[in-house]
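Colleague: I've got a new model open and I'd like to know what stands behind the labels. Can you take me through them?

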Amino acid sequence: MLVTEQVQTLLTRERGLLADLQAFLSAQGAPDEAVAGTRQALANLDESFLLVVVGEFNAGKSSFVNALLGEAVLPEGVTPTTDRIYVLIHGVRGQPEATADPFVVRLRLPLTALDGVALVDTPGTNAIIRQHQALTEGFLPRADLLLFLTSADRPFTESERLFLSLAARWGRSVVMVVNKADLLETPAQREEVRSFVEAGARAELNLTPPVYLVSARGEQRGGDAGFRELRAALQARLGEVERTRLKLGSPLSAAAELLAGEERRASASRETLKADLDTLSSLEAQRLRHGETMQGELDGQLNRVGRLLGEFEARADKFIDGALRFGNIRQLINPRSVETHFREQAVGDLPQAIERQFATMIDRFVEANLHFWEDVQAFLIRRQPNQEIARTRFSYDRHALIEGIAGSASRHIAEVTESQLTRQLAADTEEAMKGVVGLGAGGVGVGVIGAVLGATLAADFTFIFSGLALGSLGLLILPAKRLQALRQLRLKVAELRTSLESIVRREYEREQERADARLRDAMSPFTRFIEGEQERLKGAGEQAASLRAELDGLKAQVAALGQAQPR
């Protein structure tokens, strides 16, 4: 490479740019191959000029290389004979040399055509042997100039079109070569193939590369006019100035694609974060709907408790009306007997029924909250990010946070909520009934509710029968006692109903607040992640713009190399 002071300055700036790009991609958590691409671009500056021959395996690449060099240095055949990348360089002939890449082999040949140039023969671009295609595509970013070989008997196939599209993305300079041109019998056929290949290449490269029709077999058998034309063109392209321009421009084109890839990933990340914010808003709406659903469920459960108390009130009313009569005076002076009958006829299974209703309420609350969390998790997991950000640190961090959101909270709800809510409801119920019926302290647990109700309802509602003595009863005493008992019955039932409803609603609200807090706690790392990533992407956009400006400036100066300066 011609190293003038101007070129040396460009080299220094280019190395600095590529190092900055590598640091930038690494800091942004780009895929490993993108970071490795910047390292390779830096290394390319110190390599020989790489003239890379690509094409389908049956396009006659090895025959073409042998004809171009004027010596049979590569094996030829009708099957994919090349399963390695051969780098042919000038030097004393020797055995094939291994390189750091197990699929790349170096051959030294004492040929003047290789002076200052490394000629690279690649496996096929078509996918008959997929490893071959991967090798060729992987070597593409290193090429300084591509000789793209197609065959006259099947010019510009679909796999060739796709490969040219990839070459365009990497900004490679391309020379189109149609081999086996001896199969075309008339000038019209040759012109038809040339036009077809030009049109196909123009569609993929957005420019019209030179197209040369050659016959490797004809060159090996005595000479081919197409080969002579191609050699002359290559000698012009590989002159010192042009070769320097291509050598400096190749890493810059690779850098442009690597930077564009990060810009695409950043754009996809922004779209993903915007969708994630919409998801958080949707989850908040789901939480509000869930709260409304739980309130509706609670109203239904409390209505069932209310019906149980209403049925008890009707039974107690009937018992009082039948018990406080003159015909029952002997039984009325025996409070123990009255209490026993009151338990049997009025209280009945009310304690057990309310206890079952409380247990059902707790089960429904826990089940509904657990289902809500499962829906949250499923909703988040369905939010698949753009494939552009696959295998980036952004993608890995985001996925880990999403998976962790529901896991700990679901376990907490399943393992803690039920026991906490059970204990709190039972304790508050017992405490409230102490105030309503004057009960002493007892144990805590849902099971105690039945015992509390069973012991206290009978004790509280039979006090109105106590103190009755046969001698103290007059004709009006029992009707008055009956009315007093009915009034107190309704009062006590109303107090019990109000107290139980207040307890349940308060505990539901408290537990729902705790569940909401758990949701916020679980979501907060994800929310912080979104905020942090938005800030990172803002700074990354500014860095990318700065790198892009430096890159475009360097490309313009490299393109101007060797041109006459205006006076």
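Modeller: Sure, here is what each label rests on, one at a time.

Modeller: This is a predicted model, where local features need pLDDT of at least 70, side-chain atom pairs count only at pLDDT 80 or more, and totals for chains, interfaces and linings use all residues. Residues are numbered from 1 along each chain as its sequence is written, and side-chain values use heavy atoms, with hydrogens and water left out.

Colleague: What makes up the secondary structure of the chain?

Modeller: The chain has 15 helices and 8 strands. Those are DSSP runs numbered from the N terminus: H or I over at least four residues for a helix, E over at least two for a strand.

Colleague: How do the 8 strands form a sheet, and in what order?

Modeller: They make an open sheet with mixed pairing, in the order β3-β4-β2-β5-β1-β6-β7-β8. Two strands pair if DSSP finds at least two bridges between them. β1 (residues 49-55) and β6 (residues 145-151) run parallel and are joined by 5 bridges, so they pass that test. In one of these bridges, V53 is partnered by L147 in β6.

Colleague: Which strands stand at the edges of that open sheet, and why?

Modeller: The sheet order is β3-β4-β2-β5-β1-β6-β7-β8. β3 (97-98) and β8 (211-213) each have a single partner strand, so one side of each lacks a neighbour in the sheet.

Colleague: Which strands does α9 lie across?

Modeller: α9 lies across β1, β5 (117-121) and β6, at about 75° to β1. Axes are lines fitted to C-alpha atoms, for helices over the stretch in contact, and angles run from 0 to 180 degrees between N-to-C directions.

Colleague: What is R270 in contact with, neighbours within four places aside?

Modeller: R270 lies in helix α9 and, with those neighbours left out, touches L537 and G541. Contact means heavy atoms within 4.5 Å. R270 and L537 are 267 residues apart in sequence, with 7.5 Å from C-alpha to C-alpha.

Colleague: Why is R270 called partly exposed?

Modeller: Buried means under 20% relative accessible area, exposed over 50%, and partly exposed in between (1.4 Å probe, protein chains only). R270 comes out at 38%, so partly exposed is the label.

Colleague: And F156, buried or exposed?

Modeller: F156 is buried, because its relative accessible area is 11%. F156 is in the loop between β6 and α5 (158-169), and its phi is near 55°, positive in a residue other than glycine. Most residues other than glycine have a negative phi.

Colleague: What is the phi of K180?

Modeller: K180 is not a glycine either, and its phi is positive at about 65°. K180 sits in the loop between β7 (174-179) and α6 (187-205) and is partly exposed at 26%.

Colleague: How many cavities of 30 Å³ or more does the search find?

Modeller: The search of the whole structure finds 1, with a volume of about 70 Å³. On a 1 Å grid over the protein atoms alone, a cavity is a set of points where a 1.4 Å probe fits but cannot get out, and lining residues have an atom within 4 Å of a point. Grid points are joined across faces, edges and corners, and the volume is the space filled by probe spheres set on the points.

Colleague: Which helix gives the most to the lining of the largest cavity?

Modeller: α9 does, with 4 residues. The lining includes E262, R265 and L537.

Note on methods:
On a 1 Å grid over the protein atoms alone, a cavity is a set of points where a 1.4 Å probe fits but cannot get out, and a pocket is an open set with protein on both sides within 12 Å along at least five of seven lines; lining residues have an atom within 4 Å of a point.
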